[in-house]
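Take a walk through this structure, from the overall layout down to single residues. The route goes by way of the sheet, the core and the cross-links.

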Amino acid sequence: MRSMIIVLCLAYAAVADETVKCILAPGGNATACKDTSATLCHMAKFVEYTGLANQTSGCGACPGETKDVTCMECTGNNETACNVPQVTDKSFMCYDFTYNNDTKSVRTQGSPHHLSEIERNYYRL
């Protein structure tokens with residue numbers, strides 16, 4: 001009986017699905033990566049006061065030279081996706097002032113973005 005339990009445990013371990021799950025598209029669910037050797041997922045990097053970078057999510061390392069510029073990586077697992085979308089907090093308004101001697105002061109407006117407090121703590125920005 002013991003040997004049968006050991007054989008079943010070994011068989012389960014050999015067949016267990018260890019494929020990493022990542023989010024592959026905006027609003028998508030965790031999906032097993034086609035590359036079964038992948039251990040990382042990638043996603044858009046949040047740039048403080050600018051917002052999320054224009055970067056796709058997917059399996060594997062960040063493409064090209066985008067790591068830490070527009071892309072960030074996380075270590076995946078076979079149960080949940082680690083590259084879940086980041087939640088931004090309410091945007092706020094800032095004003096940039098420039099002074100021209102010939103005319104007058106000109107005010108231009110921007111709308112910076114920032115992560116929610118929970119996200120800042122999670123990503124330790």
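**A buried cysteine and what surrounds it**

Cys-82 is buried, with a relative accessible area of 13%. The model is a predicted one, and this cysteine is a good place to enter it. Cys-82 is joined by a disulfide to Cys-74, with 2.1 Å from S to S. The partner, Cys-74, has 14% relative accessibility and also counts as buried, because the cut-off for that class is under 20%. The torsion about their S-S bond is about 75°, so this disulfide is right-handed.

Both cysteines belong to a wider group. The largest nonpolar core has eight residues, and Cys-74 and Cys-82 are among them. The others in the list are Val-20, Cys-22, Cys-33, Cys-41, Met-43 and Met-72. Which elements give two or more residues to this core? They are strand 3 and strand 7.

Step back to the whole chain. It has two helices and nine strands. Read along the sequence, the pattern is α-β-β-β-β-β-β-β-β-β-α. A helix thus stands at each end of the pattern, with the run of strands between. Of the 125 residues, 25% count as buried. The accessible surface comes to about 9,200 Å², and carbon and sulfur atoms hold 56% of that area. Now take the contacts in the chain with a separation of 6 or more. Residues 24 or more positions apart account for 50% of them.

Next, the sheet. Three strands form an open sheet in the order 6-3-7, and their pairing is antiparallel. Strand 6 (58-59) and strand 7 (71-75) stand at the edges. Each has a single partner strand, so one side of each is left without a neighbour in the sheet. Strand 3 sits between them in the order. How many bridges join strand 3 and strand 6? The two strands pair over two bridges, in the antiparallel sense. Within this part of the sheet, His-42 stands opposite Gly-58 of strand 6.

Now follow the cross-links. A disulfide is a covalent bond between the sulfur atoms of two cysteines. A search of the whole structure finds four disulfides. Count the bonded cysteines along the chain, and the pattern reads 1-3, 2-4, 5-6, 7-8.

One of these links reaches strand 6. Cys-33 and Cys-59 are joined by a disulfide, S to S 2.0 Å. Cys-33 lies in the loop between strand 2 and strand 3, while Cys-59 is in strand 6, so the pair ties together parts that are 26 residues apart in sequence. The torsion about the S-S bond is about -90°, so this disulfide is left-handed. Are its two ends buried or partly exposed? Cys-33 is buried, with a relative accessible area of 4%. Cys-59 is partly exposed, at 25%.

Another link joins Cys-62 and Cys-71, whose sulfur atoms are 2.1 Å apart. Here the angle about the S-S bond is -85°, and the link is left-handed. Both Cys-62 and Cys-71 are buried.

Thr-39 gives a view of the region from a loop. This residue is found between strand 2 (30-32) and strand 3 (40-44). Which residues does Thr-39 touch, leaving aside its neighbours within four places in sequence? The contacts are Val-20, Cys-74, Thr-75 and Gly-76. Two of these names are familiar: Val-20 and Cys-74 are listed in the nonpolar core. Thr-39 also has a spatial relation to Lys-21. The two are 18 residues apart in sequence, and their C-alpha atoms are 9.1 Å apart.

Last comes a charged pair. Side chains of opposite charge can pair when their charged atoms come close. The structure holds one salt bridge. Glu-73 forms it with Lys-67, and the closest N and O atoms are 3.5 Å apart. How open are the two residues to solvent-sized probes? Glu-73 has 25% relative accessibility and counts as partly exposed. Lys-67 is at 45% and also counts as partly exposed.

Conventions: Residues numbered from 1 in each chain as written. Predicted model: local features only at pLDDT ≥ 70, side-chain atom pairs only at ≥ 80, totals over all residues. Heavy atoms only, no water. Helix = DSSP H or I, 4+ residues; strand = E, 2+ residues; numbered from the N terminus. Contact = heavy atoms within 4.5 Å. Pairing = 2+ DSSP bridges. Salt bridge = Lys/Arg side-chain N within 4 Å of Asp/Glu carboxyl O. Buried < 20%, exposed > 50% of the residue type's maximum accessible area, 1.4 Å probe, protein only. Areas by Shrake-Rupley, 256 points an atom, 1.4 Å probe, with all protein chains shown as cover. Core = buried A, V, L, I, M, F, W, Y, C linked by side-chain atoms within 4.5 Å. Disulfide = S-S within 2.5 Å.
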